[in-house]
Amino acid sequence: MQSEVAMKVKLSANENFYGSSPKVKEAIRAHIGSESVYPDHAQQELKQKIAAKWGVDSSNIMLGVGCVGLIDSIINYLTKPDEEILSFERSFIAYEMFSKLHNRNYHLAKLIDYREALDNLLPLINEKTKLIFIANPNNPTGTIITHEEVEEFLKKIPKEIFVVLDEAYFEYVSDESFPRSIELLARYKNVIILRGFSKIYGLAGMRIGYGIANTETISFMESIRVPFNINTFASIAANAAIEDSAFVTDCHNKNAIEREFLYHEISKLGFSVLKSQGNFLYAYFNDDSRKDEVHKHLENDGLMVCNMKVFGQDKSLRITVADRATNVRLIESLTNIGS
Ligand SMILES: Cc1ncc(COP(=O)(O)O)c(C=O)c1O
């Protein structure tokens, strides 16, 4: 029983396969005992570190209980019940989940060739549209949209519509055409950037993410947020993690090599898989029964990849990029079932 459990490897949630920085663990250990005291409400130290990293002011930063917490608050506080929210089909499920939770109307644009085609959002925009979510890189497809594409889109839409650029996987991107979003923020007051600590920093269990936006939006969001929303250890972990840029670079480099390796090996076997800029790959199938068969086969081999059916998305699997030994194990398992 024990060896069966040990054989299982989770490849379904796009977590950092290399864990978190040793500096995070040290910092947490050093602060055992501080759990009995309320955390800092303002979190100015962490906001300043984030702001300095991106060349903005700390008044441009808000912190949340993961990017997901910020997505919830953005929908709740920046839109009213009769206003509309847009995003894409086959994108991050939280946009839809929280729109429904807050009883907001929600419309999805179609992807083209598995990429977010921003022009497909335009016919969905009307006077009630208040908020647009763009995951970049997109989860689950791993595709990106470029700086030029985003800027062209921002030029075309009314300035009253907030555009959330959700860059949770930003640090994994290698493609130089990826948006220089901070630059866009200076020109477009309706842009809100989301980044976080769950992915490359390996702090998914800590639940901490941040938003970067113009001061007016941030001060409004800060004025209504839950007091002490960032727990003490999430703050300690993030404060330590952000200073270990060597860990981030190392994870970026390892992931880029393994992502390429896995993409080529899976493609060689005849499976349809997309090139990705995240720490995951998207495999797509002609029919659901074949996809379920492949999913089951991998599961039987202890490789727990994400069947996108759990998010209401058909004919697709999402696979976290792991280390070489695990990736080889995955290739062997796929070789055994064949495409
Ligand atoms: C596009 C995107 N945004 C945000 C998140 C969640 O981030 P967090 O863990 O910071 O809530 C995910 C997680 O899978 C994601 O794919």
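Which residue just after H11 takes a positive phi? In this predicted model, that residue is Gly302, with a phi of about 80 degrees. The helix before Gly302, H11, covers residues 288-300 and consists of 13 residues. From its first C-alpha to its last, H11 reaches 18 Å, close to the 18 Å expected at 1.5 Å a residue. Its buried residues are Arg290, Lys291, Val294, His295, His297 and Leu298. Viewed down the axis of H11, these buried residues fall within an arc of 160 degrees, so they line one face of the helix. An α-helix has 3.6 residues a turn, so residues three or four places apart point the same way. Ser289 and Asn300, on the other side of H11, are exposed. The cover over the buried residues of H11 includes two strands, E13 (303-307) and E14 (316-320), together with helix H12 (324-337).

Helix H10 (residues 245-268) has 24 residues and spans 34 Å between its first and last C-alpha, close to the 34 Å expected at 1.5 Å a residue. Buried positions in H10 are Phe247, Val248, Cys251, His252, Asn255, Glu258, Arg259, Phe261, Leu262, Tyr263 and Ile266. These residues pack against strand E11 (272-273), strand E12 (280-284), E14 and H12. Both E14 and H12 are thus named among the elements that cover the buried residues of H11 and among those that pack against the buried residues of H10. After H10 comes Gly270, whose phi is positive, near 95 degrees.

The packing of H10 with H12 occurs at an angle of about 10 degrees, and the two axes lie 10 Å apart. Angles under 35 degrees count as roughly parallel, and H10 is therefore roughly parallel to H12. On the side of H10, the contact is made by Ile257, Glu258, Phe261, Leu262, Glu265 and Ile266. The residues that H12 brings to this contact are Arg324, Asn327, Val328, Leu330, Ile331 and Leu334. Glu258, Phe261, Leu262 and Ile266 also appear among the buried residues of H10.

The largest nonpolar core contains 59 residues, of which Ile50, Ile132 and Phe197 touch the most other members. Helix H9 (residues 232-241) gives the most to this core, contributing seven residues. Beyond its sequence neighbours up to four places away, Ile50 touches Ile61, Leu63, Phe197, Tyr210 and Ile242. Another core, of 22 residues, lies apart from the largest one and includes Leu70, Ile75, Ile85 and Tyr95.

Backbone geometry draws attention to two loops. Most residues other than glycine have a negative phi, and most peptide bonds are trans. In the loop between strand E5 (111-112) and strand E6 (115-116), Asp113 has a positive phi of about 50 degrees although it is not a glycine. Tyr114, placed in the loop between E5 and E6, likewise has a positive phi, near 70 degrees. Asp113 counts as exposed, at 67% relative accessibility, whereas Tyr114 is partly exposed, with a relative accessible area of 26%.

The loop between strand E7 (129-135) and helix H6 (147-156) holds Pro137 and Pro140. A cis peptide bond joins Asn136 to Pro137, with omega about -5 degrees. The bond from Asn139 to Pro140 is also cis, and its omega is near 20 degrees. Thr141 lies in the loop between E7 and H6 and counts as buried, at 0% relative accessibility. Leaving aside neighbours within four places in sequence, Thr141 is in contact with Arg90, Leu111, Tyr114, Leu274, Lys275, Phe280 and Tyr282. Although Thr141 and Leu281 are 140 residues apart in sequence, their C-alpha atoms are 7.1 Å apart in space.

Thr143, another residue of the loop between E7 and H6, is buried, with a relative accessible area of 10%. Outside its neighbours within four places in sequence, Thr143 is in contact with Tyr114, Arg115, Asn136, Pro137, Asn138 and Leu274. Tyr114 and Leu274 are thus contacts of both Thr141 and Thr143. The C-alpha atoms of Thr143 and Leu317, which are 174 residues apart along the chain, are separated by 15 Å.

Technical notes. Residues numbered from 1 in each chain as written. Predicted model: local features only at pLDDT ≥ 70, side-chain atom pairs only at ≥ 80, totals over all residues. Heavy atoms only, no water. Helix = DSSP H or I, 4+ residues; strand = E, 2+ residues; numbered from the N terminus. Expected span 1.5 Å × (residues − 1). Buried < 20%, exposed > 50% of the residue type's maximum accessible area, 1.4 Å probe, protein only. Arc of directions from axis to C-beta. Contact = heavy atoms within 4.5 Å. Core = buried A, V, L, I, M, F, W, Y, C linked by side-chain atoms within 4.5 Å. Axes fitted to C-alpha atoms, helices over the stretch in contact; angles between N-to-C directions. Parallel < 35°, antiparallel > 145°, perpendicular 65-115°, else oblique.
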